[in-house]
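Subject: Structure for you to look at

Dear colleague,

I am passing on the structure we spoke about, and below it you will find my notes on what came out of it. Please read them with the model open beside you.

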Amino acid sequence: SLRNVKIQRIYHISRNVDMESVKNSVRELSAFKHKGFKRLIPIVFAGNEKYLQFAAVSIQSIYENSNPEYLYDINIFVDASLSENMKRRLNSLKYPNLRIMLWDVRNSFNGIDLYSVGHYSKQMYYRWLIPEILSMYNKVIYLDCDLVVNRDIADLYDKNIGNNYVAAVNNFLRDNLVNHVENRLGLGLNNYFNSGVLKFNCKAWINANLKNKCIACLKSYNKLPCPDQDVLNLVCKGRIYKLNDTWNFQWHHQFKDARKGKFVCDYDKRFNNLLLTKPSIIHFTSFLKPWEHPERAFSEYFWNYCRNSDFYEMILFANIQNADLNKKRTESGESVKLRNKLNKLKHSYTYKIACFINFIPRKIKGYNFAEIPPVGCGQKELKKCINSIYNSRSFKIANKITAIFRKIKSKIK
């Protein structure tokens, strides 16, 4: 109930989070109770400059499936890396039943060696802070930035998770990760969860001092492939509420170029069942993202919400820029191949004989080669040059001459 929102015991050092921000947050929430909202649903995102624009799409999806009688308290954990422009844009997001607040948690892990892996940024560790910073709530939902919500998130919030530390969805595993999960982490495959969608039991988390246990656990392992997720699985072992697969559909398993190995357990059947439904949450896992690959299945859900968000133009423009850049890279790679082919051709005996024939004083029309294009020219010029050499009469004559020598050489062998 909104009437019961108050500052409870804050289990973090005051320098880590501005306590005035905590007080302001509670005052704002208290003011909302006069607007007639029946319930309060707290949600947290955490990310950097690159990913928070996509969190705005996630927020749009929450709003479009929300209950107008509920207030959805959106808290975004940020740090000093976030630009003032991005802060301004996020703060400018306005919805009738959503409150959006940014929390600067830059000092929360001072002196602790936090590493990033692949496309996972250091902000992934901020989810460990949620129960302490938002200890005014009994329960809090955490969502990754790269997902969309297709039903009222309050349905997830209503799940009774008992005295468990977190509620989460099983992480669908393939045989390439079995050794890591079973042998290195010592966890059962069906108990290993994905940390992209979580429901925290704040009181149980704080009482068990799990934030500090997470930090200690991270230090005891050398370079985990999914650091925050692996650690959460280890410290929450035995106190995890399993959510239905629909609350975290891990989309990359449908793409051959984004997966390694074969499904283990019954994940194949369970995943295929999800493909026939509209998952409650679509999580765009792996390096493949819908804003870069709008042609992929299920990416339409992202773009449907994106079109209605305040960040649509920014995301669309960045997508066009990336597409142009990738095209240039592809063209550049093809140009290198053509240049290498031309260089190899220039050093061949056939080409040298053709040059000799071409420069016989008595020049015959059609024998001239095209000039070798300069370095940095495009594919079109390179292809034109190569084709003109192959099609020239002097090269054809030279090729017949060298063919005789090739036959003699092969007979000698």
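Before the pairings are described, one term needs fixing: two strands are taken to pair if DSSP finds at least two bridges between them. Please also keep in mind that this is a predicted model.

The sheet is an open one of 7 strands, in the order β3-β2-β1-β4-β7-β6-β8, and its pairing is mixed. At the edges stand β3 (98–104) and β8, each with a single partner strand, so that one side of each is left without a neighbour in the sheet. Direction ignored, neighbouring strands of this sheet are turned by 30° against each other on average.

Strand β6 (residues 166–170) is largely enclosed by the rest of the structure, because 5 of its 5 residues are buried. With strand β7 (residues 193–201), β6 pairs in the antiparallel sense over 4 bridges, and there the bridge partner of Asn170 is Phe193 in β7. With strand β8 (residues 240–243), β6 pairs in the parallel sense, again over 4 bridges, and the bridge partner of Val166 is Ile240 in β8.

Elsewhere in the sheet, strand β1 (residues 39–46) runs parallel to strand β2 (residues 70–78), the two being joined by 8 bridges; Arg39 has Tyr70 of β2 as its bridge partner.

Turning to the surface, Ile397, Ile401, Ile404, Phe405, Ile408 and Ile412 make a nonpolar patch of about 580 Å². Of these, Ile397 is found in helix α15 (residues 393–412), and Ile397 counts as partly exposed because its relative accessibility is 31%.

With best wishes

Key. Residues numbered from 1 in each chain as written. Predicted model: local features only at pLDDT ≥ 70, side-chain atom pairs only at ≥ 80, totals over all residues. Heavy atoms only, no water. Patch = residues over 30% accessible without salt bridge, like charges linked within 9 Å, V, L, I, M, F, W, Y side chains within 5 Å. Areas by Shrake-Rupley, 256 points an atom, 1.4 Å probe, with all protein chains shown as cover. Salt bridge = Lys/Arg side-chain N within 4 Å of Asp/Glu carboxyl O. Buried < 20%, exposed > 50% of the residue type's maximum accessible area, 1.4 Å probe, protein only. Axes fitted to C-alpha atoms, helices over the stretch in contact; angles between N-to-C directions.
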